[in-house]
Amino acid sequence: MFDYELATNRLSKYLTPFRLNHSISTMNMCAKLSKKYNVDLEEAKIAGLLHDCAKDIPLSKALLLCKKFNLELDKYYHQNPDLAHGILGAYLAEHLFKLDPVTHKNILEAIHCHATGKPNMNNLSKILFLSDYTEVGRVAEWADIIRTAEQISLDYGVLESYNHFLRTLIKNNQVIHPSTMEGRNDILKNFHQL
């Protein structure tokens with residue numbers, strides 16, 4: 001059984017208070033969406049709580065840790081290293097928070113891809129991707145647009161999340177990881193409400 005109190009205490013040593021609050025709020029949103037979209041509640045809560053466990057590690061140290069742990073980063077991660085916190089976070093969730101890679105495969109996959117998205121995301125990954133944008137601490141017009149979309153359908157919410165993410169990357173002249181574009185195209189290919 002996952003010990004949320006122990007995990008939260010451990011996270012408090014690695015995350016800023018702001019990021020810890022965001023992680024708890026993301027966990028709560030994951031729980032809410034898991035009920036709506038019939039996804040395992042425990043998996044959703046654990047993924048939400050741990051998704052940013054590597055986010056506050058300084059980027060230079062995060063890249064060194066990825067190298068130390070043999071986590072493959074393609075050239076796009078090196079051009080926008082902030083995206084690597086999903087890959088490193090999945091590793092830390094497995095090793096630091098003791099998630100079994102077999103029984104917690106879906107959780108680790110959701111954490112791994114939450115920073116970029118990817119094609120063929122399962123529903124848990126979609127819920128984490130959405131919850132990261134729609135937890136209650138996100139007070140912005142774009143978050144409200146995504147919240148409205150996620151009430152219509154899971155895929156519509158994910159599409160609006162991709163749209164916001166891409167606009168932000170373009171506005172800030174940042175590299176777009178191919179997984180983000182492929183994930184958005186995959187959602188569009190199967191999306192029937194346009």
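The buried residues of helix α9 pack against α2, α8 and α10, and this helix is a convenient place to begin walking through the structure, which is a predicted model. Helix α9 runs over residues 141-152, and its 12 residues reach 17 Å from the first C-alpha to the last, close to the 16 Å expected at 1.5 Å a residue. Which residues of α9 are buried? They are A143, I146, A149 and E150, and, when one looks down the axis of α9, these buried residues fall within an arc of 125 degrees, so they line one face of the helix. The face of α9 that is turned away from this buried side carries the exposed residues E141 and T148. A general point helps in reading such a pattern: an α-helix has 3.6 residues a turn, so residues three or four places apart point the same way.

One of the partners of α9 is α8, and that helix deserves a look of its own. The 12 residues of α8 should span 16 Å at 1.5 Å a residue, and the C-alpha atoms at its ends are indeed 16 Å apart, which agrees. How many of the 12 residues of α8 are buried? The number is 11, so that the helix is mostly covered, and among the buried residues are L124, I127, L128, F129, L130 and Y133, together with residues such as K126 and D132. These buried residues of α8 pack against α2, α3, α7, α9, α10 and α11, the last of which covers residues 178-189. At the start of α8, a side-chain oxygen of N122 comes to within 3.2 Å of the backbone nitrogen of L124.

Two aromatic residues of α8 can be considered together. F129 and Y133 both lie in this helix, 4 residues apart, which is about one turn. F129 counts as buried at 0% relative accessibility, and Y133 is also buried, with a relative accessible area of 11%. Ring pairs link F129, Y133, W142 and Y162 into a cluster.

A search of the whole structure finds 5 aromatic pairs. One of them is formed by F69 and Y91, whose rings are stacked, at 4.2 Å centre to centre and with 15 degrees between the planes. F69 lies in the loop between α4 and α5, whereas Y91 lies in helix α6, so the pair ties together parts that are 22 residues apart in sequence. F69 itself is partly exposed, with a relative accessible area of 24%. The pair of F129 and Y133, by contrast, is edge-to-face, with 5.8 Å from centre to centre and 80 degrees between the planes.

From the rings we can turn to the nonpolar interior. In soluble globular proteins, nonpolar side chains tend to be buried together. In this model the largest nonpolar core has 55 residues, of which F2, L11, L49, L50, L88 and L99 touch the most other members. Several helices each supply at least two residues of this core, including α1 (4-14), α2 (17-36), α3 (41-50), α6 (85-95) and α10 (154-171). If neighbours within four places in sequence are left aside, F2 is in contact with A7, I46, L49, L50 and L99.

The loops also hold residues worth tracing, and H51, in the loop between α3 and α4, is one of them. Is H51 buried or exposed? At 0% relative accessibility, H51 counts as buried. Its side chain is joined to that of H22 by a polar contact of 3.2 Å, and the side chain of H51 also makes a polar contact of 3.3 Å with the side chain of D52. Apart from its neighbours within four places in sequence, H51 is in contact with H22, S23, T26, H85, I111, H114, L128 and D132.

Two asparagines in other loops have a positive phi, although neither is a glycine: the value is near 60 degrees for N120 and near 50 degrees for N173. N120 is found in the loop between α7 and α8 and is exposed, with a relative accessible area of 60%. N173 lies in the loop between α10 and α11 and counts as exposed at 74% relative accessibility. The walk ends in helix α11, where S179 lies. S179 is buried, with a relative accessible area of 18%, and, leaving aside its neighbours within four places in sequence, S179 is in contact with T116, G117, K118 and P119.

Methods: Residues numbered from 1 in each chain as written. Predicted model: local features only at pLDDT ≥ 70, side-chain atom pairs only at ≥ 80, totals over all residues. Heavy atoms only, no water. Core = buried A, V, L, I, M, F, W, Y, C linked by side-chain atoms within 4.5 Å. Buried < 20%, exposed > 50% of the residue type's maximum accessible area, 1.4 Å probe, protein only. Contact = heavy atoms within 4.5 Å. Expected span 1.5 Å × (residues − 1). Arc of directions from axis to C-beta. Polar contact = N/O pair within 3.5 Å; in protein donor to acceptor, adjacent residues only side chain to side chain. Phe/Tyr/Trp six-rings, centres within 6.5 Å; stacked < 30°, edge-to-face > 60°.
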